[in-house]
Amino acid sequence: MRNLISLDSLTDIVSNSVGILIIFAVINLIHDNNKTFQLEIPLEHSTQLSPVFFIAKDDRILALDTDTIFSNATLQATSGAAASKRLFSLDFHDLLGKIDDENGISFYARDTQSWPKFNQLQKRNSELRNSMSAIDGQKQFAYFFVYDSSEDGNISGSGFEAFREAREFLKGRSVKSGWQPVNSEAPANICDKRFRGGCQYLPSYLGDG
Amino acid sequence: MAMSRATRLARYPKEEKLEVSLFPFLSIFLCVMGVLSFINVLNSFSAPQKIELTAQLEQGYKVAYQIFSLPDGIISVPPVKYLDKLRDAVDGIDKVVITDILQRREGAMFRLERHSGPVMGLATEPDVDDILQAMQDIRTLNEIALKANYLYEEFLLFGIYPNGSQAYQKIRDVMSFTQDAASISIGLEPLDANWTLNLKKKTN
């Protein structure tokens with residue numbers, strides 16, 4: 001007589017699981033409709049800390065090396081390439097720049113392929129992780145220019161998710177961060193208080209204490 | 001005479017060992033994992049999450065004036081909950097001023113709550129005069145509360161939706177040119193596209 005495998009227990013388990021699923025689905029749908037989540041938002045505040053600038057676009061984050069950028073911009077300006085608010089190459093990760101009195105130096109991000117992805121924050125010794133880990137929370141805070149939309153055809157979405165991940169990473173290191181949304185018409189810019197009184201970059205309170 | 005192996009085995013049967021089949025346990029384990037995964041997927045497809053903005057480390061007397069910035073404009077949600085009590089705590093012209101502001105805000109909230117379509121359809125292009133009026137109202141209320149030694153302070157909270165930065169920038173530009181906004185605390189947060197607003201009438 002051949003030994004047959006009995007499927008009774010398996011059938012019993014599957015049918016009970018399906019029943020549980022249906023009950024959970026109904027409970028879940030009924031339960032969630034009126035729930036409101038309170039979203040806690042940190043407030044901007046003045047600080048003596050100096051900002052370290054980043055641009056978050058799509059799923060990429062670029063740390064702005066202001067020394068390199070400003071010296072490249074100065075070279076372009078002295079050669080006349082930056083006159084009349086023209087766009088010029090900053091020779092830094094495919095960024096274009098523009099100089100005017102009101103906005104200071106504006107950064108136009110075209111191609112972000114050379115920028116590190118935000119998931120590199122989870123990888124040890126990655127360029128992005130090292131640049132964020134190098135921020136001294138006692139003297140500096142991180143300031144993000146976050147693109148609020150994605151390029152056509154890019155499924156990564158806006159820079160919001162990348163910014164949130166970076167902010168959480170910095171929060172774990174007690175480094176404050178601030179941000180402002182930008183877009184291709186109103187891009188990231190570093191202005192000068194001497195020319196524009198409202199020019200300021202402020203952190204929000206995202207740290208312990 | 002040497003005993004054959006078969007005879008030995010027949011005469012001395014092996015002790016029956018108790019064998020536990022792991023099949024039922026694995027089945028239940030996999031089913032539970034499947035159920036949890038299904039619940040997780042279900043949560044992601046559930047109705048849009050309603051959100052309400054509050055300030056981190058908010059002290060009890062600070063009240064948020066919420067502004068949501070969308071691609072089509074802004075939705076302003078002014079606070080009205082505690083203005084009755086503030087009005088009761090002051091006299092004279094301050095009482096009249098608060099009544100004025102409260103009526104204006106209640107009218108705005110009534111229009112928001114009466115709206116029957118999607119909440120996001122309420123967005124309107126930010127008007128400079130409206131922005132200036134809102135800043136002036138916030139500053140006025142804060143000054144009245146301070147003068148009356150009453151614990152009440154309003155501040156601005158911006159919720160920025162994807163593609164909503166243009167409207168937000170316009171408001172900040174207007175704010176940078178008015179002294180009324182200089183003393184107002186500001187917070188801002190990026191919001192996901194599937195987060196909707198809670199415009200339910202608040203009760204004390």
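## Close-up views of a predicted two-chain model

**View 1. A facing pair of residues in chain A.** Phe144(A) has Trp179(A) of strand β8(A) standing opposite. Please keep in mind, here and in every view below, that this is a predicted model. The strands β7(A) and β8(A) are joined by six bridges and pair in the parallel sense. As a general reminder, the strands of a sheet pair through backbone hydrogen bonds, in either a parallel or an antiparallel way.

**View 2. The four-stranded sheet of chain A.** Step along this open sheet and you meet its strands in the order β3-β2-β7-β8 of chain A, with mixed pairing. At the edges stand β3 and β8 of chain A; each has a single partner strand, so one side of each is left without a neighbour in the sheet. On average, and ignoring direction, neighbouring strands here are turned by 25 degrees against each other.

**View 3. Helix α4 of chain A over the sheet.** The helix α4(A) lies across β2, β3, β7 and β8 of chain A, and runs at about 170 degrees to β7(A). Its 13 residues, 160-172, should span 18 Å at 1.5 Å a residue, and the C-alpha atoms at its ends are 19 Å apart, which agrees. Just after α4(A) comes Ser174(A), which has a positive phi near 55 degrees.

**View 4. The two faces of helix α4 of chain A.** Which residues of α4(A) are buried? They are Phe160(A), Ala162(A), Phe163(A), Ala166(A), Arg167(A) and Leu170(A). Looking down the axis of α4(A), these buried residues fall within an arc of 155 degrees, so they line one face of the helix. On the face turned away from the buried side of α4(A) are the exposed residues Glu168(A) and Gly172(A). The packing partners of the buried residues of α4(A) are β2, β3, α3, β7 and β8 of chain A, together with β5 (186-190) of chain B.

**View 5. A nonpolar core around strand β7 of chain A.** The largest nonpolar core has 38 residues, and those with the most contacts inside it are Ala56(A), Ala142(A) and Phe144(A). Strand β7(A) supplies the largest share of this core, seven residues. Apart from this core lies another, of 36 residues, among them Val77(B), Ile144(B), Leu157(B) and Leu191(B). In soluble globular proteins, nonpolar side chains tend to be buried together.

**View 6. The contacts of Ala142(A).** What does Ala142(A) touch, leaving aside its neighbours within four places in sequence? Val52(A), Phe54(A), Met132(A), Ile135(A), Leu170(A), Val175(A) and Ser177(A) are all in contact with Ala142(A). One of these, Leu170(A), is also among the buried residues of α4(A).

**View 7. A loop residue of chain A.** Asn119(A) is found in the loop between β6 (104-109) and α3 of chain A. Is Asn119(A) buried or exposed? Asn119(A) counts as exposed because it has 12 C-beta neighbours inside 10 Å. In sequence, Asn119(A) and Arg60(A) are 59 residues apart, while in space they are 8.6 Å apart, C-alpha to C-alpha.

**View 8. Strand β2 of chain B and its partners.** Now we move to chain B, where strand β2 (residues 62-70) is mostly covered, with eight of its nine residues buried. Strand β4(B), residues 153-160, pairs with β2(B) in the parallel sense over eight bridges. In this pairing, Lys62(B) has Glu153(B) of β4(B) as its bridge partner. Strand β3(B), residues 73-77, runs antiparallel to β2(B), and five bridges join the two. Here Phe68(B) has Ile75(B) of β3(B) as its bridge partner. The strands β2(B) and β3(B) form a hairpin, with two residues between them.

**View 9. Both chains in outline.** Chain A comes to four helices and nine strands, while chain B has six helices and six strands. Along the sequence, the pattern of chain A reads α-β-β-β-α-β-β-β-α-β-α-β-β, and that of chain B reads α-α-β-β-β-α-α-α-β-α-β-β. Of the 209 residues of chain A, 33% count as buried; in chain B, buried residues make up 24% of 204. Among contacts in chain A between residues at least 6 apart in sequence, 65% join residues at least 24 apart. For chain B, residues 24 or more positions apart account for 79% of the contacts with a separation of 6 or more.

Terms used:
Residues are numbered from 1 along each chain as its sequence is written. Chains are lettered from A and ligands numbered from 1 in the order in which they are written. This is a predicted model: local features need pLDDT of at least 70, side-chain atom pairs count only at pLDDT 80 or more; totals for chains, interfaces and linings use all residues. The expected span of a helix is 1.5 Å times one less than its number of residues. A residue is buried if 20 or more other C-beta atoms lie within 10 Å of its own, exposed if 12 or fewer, and partly exposed in between; C-beta atoms are placed from the backbone. The arc is that of the directions from the helix axis to the C-beta atoms. Two residues are in contact if their C-beta atoms, placed from the backbone, lie within 7 Å. Two strands pair if DSSP finds at least two bridges between them. Axes are lines fitted to C-alpha atoms, for helices over the stretch in contact, and angles run from 0 to 180 degrees between N-to-C directions. A nonpolar core is a set of buried Ala, Val, Leu, Ile, Met, Phe, Trp, Tyr and Cys residues joined through C-beta atoms within 7 Å.
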